[in-house]
Amino acid sequence: MNHGNLGVALDAIAETWSPRVLAAIGDCEIKVARIEGAFEWHAHRSTDEFFLVLEGKLQLELRDRAVELGPGDYFVVTAGVEHRPVAEPGTRFMMVERSGTAPAGDV
């Protein structure tokens, strides 16, 4: 699909931590999700992940620091870096990652 509305796509997501693909560009996917609470520690050996907060607050915990993100803030977790997203209730975000990337990583 190459056309849609971001608000409509986000409103259609009922579950948390279940990203939906908005579009594929080359070998990457653009995904959106509702998130809250903590996800598990993980890493992706061969792909970077781009996170963009749309609403709410997201903390990306890395082994050596934590990065606080609010609406409009973005962060790239580079390949191989262990991380754990932790979000307040009502947080919505967009991410870009290589197609076929497992949510819980591969390392």
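A salt bridge, as I use the term here, is a side-chain nitrogen of Lys or Arg within 4 Å of a carboxyl oxygen of Asp or Glu. The structure before you is a predicted model, and every value I quote is computed from that model.

Let me begin with the charged contacts. By this rule, the structure contains nine salt bridges. One of them joins the side chains of E29 and K31, with N to O at 3.6 Å. K31 also meets E97 in a salt bridge, and there the N to O distance is 2.6 Å. What does the pair of K31 and E97 tie together? K31 belongs to strand β2, residues 28–38, and E97 to strand β7, residues 83–98, so the contact links parts that are 66 residues apart in sequence. As for their surroundings, E29 and K31 are both buried, and E97 is buried as well.

A further salt bridge is formed by D64 and R65, at 3.5 Å from N to O. Are these two residues buried or exposed? D64 has a relative accessibility of 62% and therefore counts as exposed, the cut-off being over 50%. R65, with a relative accessible area of 44%, is partly exposed. Elsewhere, D11, E55 and R92 are joined into one network by salt bridges that share partners.

I turn now to the aromatic residues. A search of the whole structure returns three aromatic pairs, and I shall describe two. The ring centres of W17 and F39 are 5.1 Å apart and their planes meet at 25°; because stacking requires planes under 30 degrees apart, this pair is stacked. W17 sits in the loop between α1 (6–11) and β1 (20–25), while F39 sits in the loop between β2 and β3, so the pair ties together parts 22 residues apart in sequence. W17 itself, at 22% relative accessibility, counts as partly exposed.

The next pair, F51 and F93, is stacked too, with 5.6 Å from centre to centre and 15° between the planes. Here strand β3 supplies F51 and strand β7 supplies F93, so parts that are 42 residues apart in sequence are tied together. F51 has a relative accessibility of 2% and counts as buried; F93, at 4%, also counts as buried.

One contact combines a charge with a ring: R63 lies over the face of W41, 3.8 Å from the ring centre.

My last topic is internal space. How many cavities of 30 Å³ or more does a search of the whole structure find? The search finds one. The largest cavity holds about 160 Å³ of space. It is lined by 14 residues, of which W17, P19, F39, M95 and P103 are the closest to its centre. W17 and F39 are thus named twice in this talk, as a stacked pair and among the residues closest to the cavity centre.

Which elements give two or more residues to the lining of the largest cavity? They are β2, β3 (49–55) and β7. Of these, β7 gives the most, with four residues. By class, the lining comprises ten nonpolar residues, one polar residue and three charged residues.

To close, I return to strand β7. This strand holds E97, the salt-bridge partner of K31 in β2. It also holds F93, the aromatic partner of F51 in β3, and it gives the most residues to the lining of the largest cavity.

Notes. Residues numbered from 1 in each chain as written. Predicted model: local features only at pLDDT ≥ 70, side-chain atom pairs only at ≥ 80, totals over all residues. Heavy atoms only, no water. Buried < 20%, exposed > 50% of the residue type's maximum accessible area, 1.4 Å probe, protein only. 1 Å grid on protein atoms, 1.4 Å probe; cavity = no way out; pocket = protein on both sides within 12 Å on 5 of 7 lines; lining within 4 Å. Points joined across faces, edges and corners; volume = space filled by probe spheres on them. Nonpolar A, V, L, I, M, F, W, Y, C, P; charged D, E, K, R; others polar. Phe/Tyr/Trp six-rings, centres within 6.5 Å; stacked < 30°, edge-to-face > 60°. Lys NZ or Arg CZ within 6 Å of the ring centre and 35° of its normal.
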